[in-house]
Amino acid sequence: MSDIIEQENNSEELENGDEIVSLSEESLEKTGKYDSLIHEAEIHRLSGMFKEWFLDYASYVILERAVPHIEDGLKPVQRRILHSMKLLDDGRFNKVANIIGSTMQFHPHGDASIGDALVQLGQKDLLIETQGNFGNILTGDGAAAPRYIEARLSKFALEVAFNNKTTFWMDSYDGRNKEPITLPMKFPLLLAQGVEGIAVGLASKILPHNFNELIDASIAYLKGEPFEIFPDFPTGGFADCSNYNQGQRGGKVKIRAKISKIDNKTLAITEIPYGLDTSKLIDSIIKAGEKGKIKIKKVDDNTAQNVEIIIHLPAETSADVTIDALYAFTACQIAPSTYACVIRDNKPAFISVHEILTSSTVQTKYLLGRELEIKIEELEEDWHYSSLEKIFFEKRIYRELEKDSASWEEQLSAIEKAFEPFKNMLNRDISKEDIVKLTEKPVRRISKFDIKKAEEHIKNLETEIESAKKSLANLTAYTIEYFRKIKRKYGAGRERKTELRSFDVIKATEVVVANQKLYANIKEGFVGYGSDIKKDENAQYICDCSDIDEIIIFFKIGKYLVTKIQEKAFVGKDILYVNVFKRDDSRTVYNMIYRDGRMGPIMMKRFCVTGIMRDKEYDATKGNPNSQVLYFSGNPNGEAEILKIYYKPRPRLKKTIEELDFSTQLVKGKNTIGSILSKNAIHKIVLKEKGESTLGGQKIWLDNERNKLNNENRGLYLGEFFPNDKILVLTKQAYYYTTSFDLVNRYEDDILVIKKLDPDEVFTVIYFDAQQKLYCVKRITFDKSTNKERFIDEDSASYLVDFSIDKYPQIKVAFAGKHIKHKPELIDVEEFVPVKNPKSRGRKLSTREVGEAKFVEPLDKNSPATDNDDNNKLPPNTPEGTPIQMSLL
């Protein structure tokens, strides 16, 4: 064969772009067993073959293997599986091995591809009912061997996917059988199941959507109303579809696992992103831990029917920061792209999920109309023959058959002539086939023929025809009712599993574990975290950092820059200040005194550095040559120190020592040049007193959609927080705990109250004590406990009824049972029960059987007793804030 290749490379001529290869006698002698093949054709055209064959192959893969058809939402192998199952269907389960064997009549590929496709259809739990081990999409376990598992078509599939009368057929690959071109699908199956396929030169990825929401959207489209559809995944989790782009190319969906806090040292993952299994997710978590991105103690996989991955955290590790880090560095958050590609008009087309839904809805309407037309034709044919049969027996036309002298043809002609007077009673002409069919009736039918029963049957047919024609005339309303019927029959248990949310942007540098230590050789200008700089005797420890942080460096000449941290890097000599840099941080304030030029005035400034380009050098001074920084400090919370400044003595200088309080200076942006401190030369600057923050408290909001804190005026305003302040959280299950106001904090969905903690604020709580089977009330104040603790009875059957933070609350108690005739009572809670801690049991509301207890208008004990008694007048009680009062439903 090497000789053939040499001859190919030494081809003599090119004709019309085709390369002609001539084979010499010598090469023919050396080819051995290929002699007969080469003697048959000594010239082979090589150029052009690749182009033609590749296009044929690409077209085949696109049309016949990887991309679904828009009409039924199925790939060819899936369609052939369902068709084979319909042929085998007798209501009982069939061995998957038998189904695979039957499908091979139609599918020109191996049994493995058929088996895998069948298992995937079974796991989607829509078209196929399964029996046996079909694998687990949560753990990634595979299905059992085909001989051990069974399947059959679901009732849903039988109703929406099959109808031989509206199906178009084609020959199978070997011409021995007929198979459907597409199934007459009366449901947006492609969007319900989703699909993923890789062809030659293109791919298709359509995410699954919710069954009931698709039906609602189809109904909305038929009504001419707007609709929106978003993905829904069988594995649950959260999804941000803000960039979904209707599933078209360029769209993207962010998917997150559902992570909850069991306690401050334990996290639980109970739902995972679509397309992943627990083993892959755990592997990504362990790898992130090994790389130092997150701190974990161990991971336990307790997944069975439901996902349960338990993550144990080391001591002093923030659970909230770890949750954000899991989303940032592991597969707990993924962002699959979408590219909805389907076969339409026998070629691939990139369209939106809206177009797929509308196309499916229009097709469903057409198929239902076609079924009605076929039904009307069949009913009218039945009516025609039944009427013909009734006349045949009622008018005794059958007696024409008793005339022995007439031939068969004469008898048929006589019967046809006998029907002449009754033709106006029929809806079409009488054919010879109709007459022959009548004569084939056995003689015993004559005596048993029931005219009344025949008339009743004809009347029922007329009613059915009228109903079918009415439905056909109102096809849109009929289609809407069809979709509603499908939803009623099969929609139960198919509620949305994936919660739609708008995700917050997690900055990796803010949640990554500080797994390194930053060192700097101030004199030589080296900065980094690697082992080389740690061994440097002149390097000093700066702070903890991570290997993805940025650092900011200020130099004595007033220049500064931000750069990516490295193991060891030269940044420049005469480093004045270096630290980890946080972008958009407006609370870190730099206090600076510098000399403008060689002989210029002394300037002072306070500034923030928020947005900045990496590796670009900036100037904190005016930019004049020979400027020098005389004093510099970085303050993470806007602290303002007090300095004592010593000036160089000179004639006429009366005051050589001066104090500077930086709190008197305004904080400005990085481009500010500052203000003049003095025109006199400075001898030295001494720190007199460390200052406090001049930025005031930090205003905090709770983003209701994301359940996270922010300082961007987004969501519920919680208040202005100072370093020692806490946030109080009450849950619907009657638990309370406090947290810091760190912006990485996140909260569960069961929040009843979240507000700034006031240790003196009194909460009045009504609850049902399950042990005593009584309604109780208590007044409590909350402490700064960070542990999740219950503020009513610990019995799980006990529950919170209502609460109030009014100063003088009043409760109305209505009675039930044998005390139902007693008038409701009003209770002054302040007089009824004293203020205690959350663990107190409180006091029962009444010895009678209580039917209802609720808060009513609070008392106004600060109002004056009389209008004329000035001694009793008190100033009006002005509340510190709007009281929060909620009821559990």
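The legends below describe close-up views of a predicted model.

**View 1. The protein chain as a whole.**
The protein chain has 889 residues, and 44% of them are buried. Its secondary structure comes to 21 helices and 53 strands. Counting contacts between residues at least 6 apart in sequence, 66% join residues at least 24 apart.

**View 2. Surroundings of Thr-361 in helix 13.**
Thr-361 belongs to helix 13, which covers residues 353–394. Its relative accessibility is 0%, so Thr-361 counts as buried. Leaving out residues up to four places away in sequence, Thr-361 touches Ser-218, Tyr-221, Leu-222 and Phe-483. With Ser-218 there is also a polar contact, side chain to side chain, at 3.1 Å.

**View 3. The nonpolar cores.**
In soluble globular proteins, nonpolar side chains tend to be buried together. The largest nonpolar core in this model holds 64 residues, and Ile-81 and Phe-156 touch the most other members. Helix 10 supplies the largest share of this core, seven residues. Beyond its neighbours within four places in sequence, Ile-81 is in contact with Ile-99, Thr-103, Ile-114, Ala-117, Leu-118 and Leu-121. A second core, separate from this one, has 28 residues, including Ala-288, Tyr-327, Cys-332 and Phe-503.

**View 4. The stacked pair Phe-233 and Tyr-274.**
A pair of aromatic rings is described by the distance of the centres and the angle of the planes. The count for this model is 28 aromatic pairs. In one of them, Phe-233 and Tyr-274 are stacked, with 4.9 Å between the centres and 20 degrees between the planes. Phe-233 lies in the loop between helix 10 (211–223) and strand 11 (238–240), and Tyr-274 lies in the loop between strand 15 (266–271) and helix 11 (278–290), so the pair ties together parts that are 41 residues apart in sequence. Phe-233, at 1% relative accessibility, counts as buried, whereas Tyr-274, at 25%, counts as partly exposed.

**View 5. The tilted pair Tyr-577 and Phe-632 and its cluster.**
The rings of Tyr-577 and Phe-632 form a tilted aromatic pair, 5.3 Å centre to centre and 50 degrees between the planes. Tyr-577 is in strand 29 (residues 575–581) and Phe-632 in strand 33 (residues 628–635), so that distant parts of the chain, 55 residues apart, are linked by the pair. Both Tyr-577 and Phe-632 are buried. They belong to one aromatic cluster with Phe-554, Tyr-560, Tyr-590, Phe-607 and Tyr-618.

**View 6. Charged side chains over aromatic rings.**
Arg-501 places its charged end over the ring of Phe-238, 4.3 Å from the ring centre. Lys-568 lies over the face of Phe-526, and the distance to the ring centre is 4.8 Å.

**View 7. The hairpin of strands 26 and 27.**
Strand 26 (residues 550–555) and strand 27 (residues 559–564) pair antiparallel over five bridges. The two strands form a hairpin with three residues between them, and Gly-558 in the turn has a positive phi of about 95 degrees. Ile-553 has Leu-561 in strand 27 as its bridge partner. Strand 27 is also joined by two bridges to strand 32 (residues 618–619), and these strands run antiparallel. Here Tyr-560 stands opposite Tyr-618 in strand 32. Tyr-560 and Tyr-618 are also members of the aromatic cluster in View 5.

**View 8. The open sheet with strands 25 and 28 at its edges.**
Four strands form an open sheet in the order 25-23-24-28, with antiparallel pairing. Strand 25 (540–545) and strand 28 (569–570) each have a single partner strand, so one side of each is left without a neighbour in the sheet. Strand 28 pairs with strand 24 (residues 526–528) over two bridges in the antiparallel sense. Within this pairing, Val-527 stands opposite Ala-569 in strand 28.

**View 9. Surroundings of Arg-595 in strand 30.**
Arg-595 is part of strand 30 (residues 589–595). Apart from residues up to four places away in sequence, Arg-595 touches Gly-600, Pro-601, Ile-602, Asn-626, Ser-627, Gln-628 and Leu-630. A polar atom of the Arg-595 side chain lies 3.3 Å from the backbone oxygen of Asn-626. Between Arg-595 and Asn-624, the separation is 29 residues in sequence and 9.6 Å in space, C-alpha to C-alpha.

Key:
Residues numbered from 1 in each chain as written. Predicted model: local features only at pLDDT ≥ 70, side-chain atom pairs only at ≥ 80, totals over all residues. Heavy atoms only, no water. Buried < 20%, exposed > 50% of the residue type's maximum accessible area, 1.4 Å probe, protein only. Polar contact = N/O pair within 3.5 Å; in protein donor to acceptor, adjacent residues only side chain to side chain. Contact = heavy atoms within 4.5 Å. Phe/Tyr/Trp six-rings, centres within 6.5 Å; stacked < 30°, edge-to-face > 60°. Lys NZ or Arg CZ within 6 Å of the ring centre and 35° of its normal. Core = buried A, V, L, I, M, F, W, Y, C linked by side-chain atoms within 4.5 Å. Pairing = 2+ DSSP bridges.
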